[in-house]
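Biologist: I am new to reading structures, and I would like a close look at a single part of this one. Please take one strand and its pairing, then follow the links outward from there.

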Amino acid sequence: MSENKMIKIFDTTLRDGEQSPGASMNIEEKIRIAHQLERLNVDAIEAGFPIASDGDFEAVKKIAQTIKGPQIAGLCRANDKDIDRAWEALKYARERGRIHTFIATSDIHMKYKLQMDEDQVLATAVKAIERAKKYTDNIEFSAEDASRTRLPFLARVVEAVIGAGATTVNIPDTVGYTVPSEFFEIIAYLRNNVPNIDKATISVHCHNDLGLAVANSLAAVQAGAGQVECTINGIGERAGNCSLEELVMTMRTRNDVLPYDTRVVTEHIYPTSRMLSTITGIQVQPNKAIVGANAFSHEAGIHQHGVIMEKSTYEIMTPESIGLNQNKLVLGKHSGRHAFKQRLEELGYDLKKEDLDKAFVRFKTLADQKKEIFDEDLDAIIADEIIRVPEKYKLMQMNVSSGSFAAPTATIEMEIDGKVKKGAVIGAGPVDATFKAIKKLTGSKANLLAFNVGGITGGTDAQGECTVRLEEGGREVLGQGAHPDIIVASAKAYINALNRLASTIERNRVRI
């Protein structure tokens, strides 16, 4: 058995991560990510902010009901209403349900945001813990903006909340302001100046505004922190949070100087990263550590020669250690249903029979068009065929003509509420013409906020993957589409966004 200290991993992808611009997820998508985090074997999942909306409440509730391994946390402000609402959703997780309450402690936050003095903040924090204690002993307290809080007052607050019953105290670098040496000293100060600090786990929550979230978190662990709060792909407010994959793989790879372990099953890191990107439409940069497309790529001749002779010359970890399948040709047109199903399960997809059948048909069609089928292609199939909202609008067929001597024209045939409609529109380019034709047929008044396109894999036969962001009436939605023809992929993404928008509007209408 390892004598290394075990560090708890608290994943907040579904709460802080979802606060990234454009990263909103519906309940079904949150549950899929939660199941994948369960496979990853994180210690705790922060499922949301129950008081924020009915959707957030339902997501936390359903995750608390279905996830069996990790603890399930819900964030709440330090007031009775927030805490009561949080436990109403978390109670289904029983002893694994964690109330996570917070209040700011820095001078700037107390003066301008809270308009409270030290004694008022301290009393509010203690009262919140006492309220949470009526429901559970699994309580986490966060001193918001702790890294800019005067240390004597921070120590007073930490001592008081532990005395009131908090079992985890979180020291956030809320605005990504601190640096590793300073953050080390903050944690060390608390360990040396809070008499009851041994009664609680010290947690840290670092933001990446200066690109130091992982470094600061590691410094805190070295100073005595026992839990790190992080997100998949490092998503989160502003520049994001501490990246789970970077933190975990740093401790695993440099265990010689960082004698710490986690319970994370690292082979699920890459599939989890891909799933999150597929659901949110937020792709990681190619040079992103651990999960970026270039992380295990070698172009320089010297590097290529070294890797051919011995991989460890230029690779400090193996692709397999994060779940990156090195078998380039994963599946092909001769592959059977069992192999297809097994690979989807390895990627974290657990499909019903009818969904599996539908995905398999699409897989076979794509396999006839492409020589090689990659994991990314399978992700796109699932996103495009299975993870759907109700289809008010459906693409039947389309034809686009374009060239240097002809006006780009899109002819689109769609099924709208069960009726077939057809129309043709001229545009500035083939995609513009396609979007205008769809908008004309549907009568949509949505505004196009963003359009992104890329090849899922290398090669001229790669599937095109498109994301479209639309806005109407203050509501923003993300649509996704994939197809070997990039114009068709664009149309599917636009229609997917319109369906999501229609579904959102209908849900709100029913709720009202």
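Modeller: In strand S9, Cys230 is the bridge partner of Asp11; the model is a predicted one. Asp11 belongs to strand S2, which covers residues 8-11, and S9 covers residues 227-230. These two strands run parallel and are paired over four bridges. Strand S2 also pairs with strand S3 (residues 44-48), again in the parallel sense, this time over two bridges. Asp11 takes part there too, with Ile45 as its bridge partner in S3. To get from S2 to S3 the chain passes through helix H1 (residues 27-40), and this β-α-β crossover is right-handed.

Cys230 leads on to the cysteines. How many disulfides does the structure hold? The count is zero. Cys242 shows how this works out: the nearest cysteine sulfur to that of Cys242 belongs to Cys230 and is 5.1 Å away. A disulfide needs the two sulfur atoms within 2.5 Å, so this pair does not qualify. In general terms, a disulfide is a covalent bond joining the sulfur atoms of two cysteines. Is Cys242 buried or exposed? Cys242 counts as buried because its relative accessibility is 0%, and the cut-off for buried is under 20%. Cys76 is buried as well, with a relative accessible area of 1%.

Cys76 brings us to Thr101, a residue of strand S5 (residues 97-104). Thr101 is buried, its relative accessible area being 0%. Setting aside neighbours up to four places away in sequence, Thr101 is in contact with Cys76, Arg77 and Ala78, and also with Ile83, Ala128, Ile129, Glu140, Phe141 and Ser142.

One of those contacts, Phe141, reappears in the next part of the picture. The largest nonpolar core has 108 residues, and those with the most contacts inside it are Ile72, Phe141, Val158 and Ile171. The greatest contribution to this core, eight residues, comes from helix H6 (residues 151-164). With residues up to four places away in sequence left out, Val158 touches Val169, Ile171, Leu190, Val194 and Ile197. There is also a second, separate core of 26 residues, and among its members are Ile412, Ile438, Ala446 and Cys466.

Charged side chains come next. Side chains of opposite charge can pair when their charged atoms come close. The structure holds 29 salt bridges. One of them joins the side chains of Asp80 and Arg131, with 3.7 Å from N to O. Asp80 lies in helix H3 (residues 80-90) and Arg131 in helix H5 (residues 118-133), so this salt bridge links parts of the chain that are distant in sequence, 51 residues apart. Both ends are partly exposed: Asp80 has a relative accessible area of 28%, and Arg131 has one of 22%.

Lys353 and Asp357 give a case within a single helix. Their side chains meet in a salt bridge at 3.0 Å, N to O. Both residues are in helix H13 (residues 353-369), where they are four residues apart, or about one turn of the helix. Lys353 is exposed, with a relative accessible area of 63%, while Asp357 is partly exposed at 25% relative accessibility.

Arg254 and Asp256 form a salt bridge too, and their closest N and O atoms are 3.0 Å apart. Arg254 is partly exposed because its relative accessibility of 39% falls between the 20% and 50% limits. Asp256, by contrast, is exposed, with 58%. Salt bridges can also be connected to one another: Asp107, Glu118, Asp119, Arg150 and Arg156 are linked in a network of them.

A last stop is Gly455, which is found in strand S14 (residues 447-455). Is Gly455 buried or exposed? Gly455 is exposed, with a relative accessible area of 59%. The C-alpha atoms of Gly455 and Ala482 are separated by 9.3 Å, and these two residues are 27 residues apart along the chain.

Notes
Residues numbered from 1 in each chain as written. Predicted model: local features only at pLDDT ≥ 70, side-chain atom pairs only at ≥ 80, totals over all residues. Heavy atoms only, no water. Buried < 20%, exposed > 50% of the residue type's maximum accessible area, 1.4 Å probe, protein only. Salt bridge = Lys/Arg side-chain N within 4 Å of Asp/Glu carboxyl O. Core = buried A, V, L, I, M, F, W, Y, C linked by side-chain atoms within 4.5 Å. Contact = heavy atoms within 4.5 Å. Pairing = 2+ DSSP bridges. Right-handed = clockwise from strand over helix to strand, strands pointing away.
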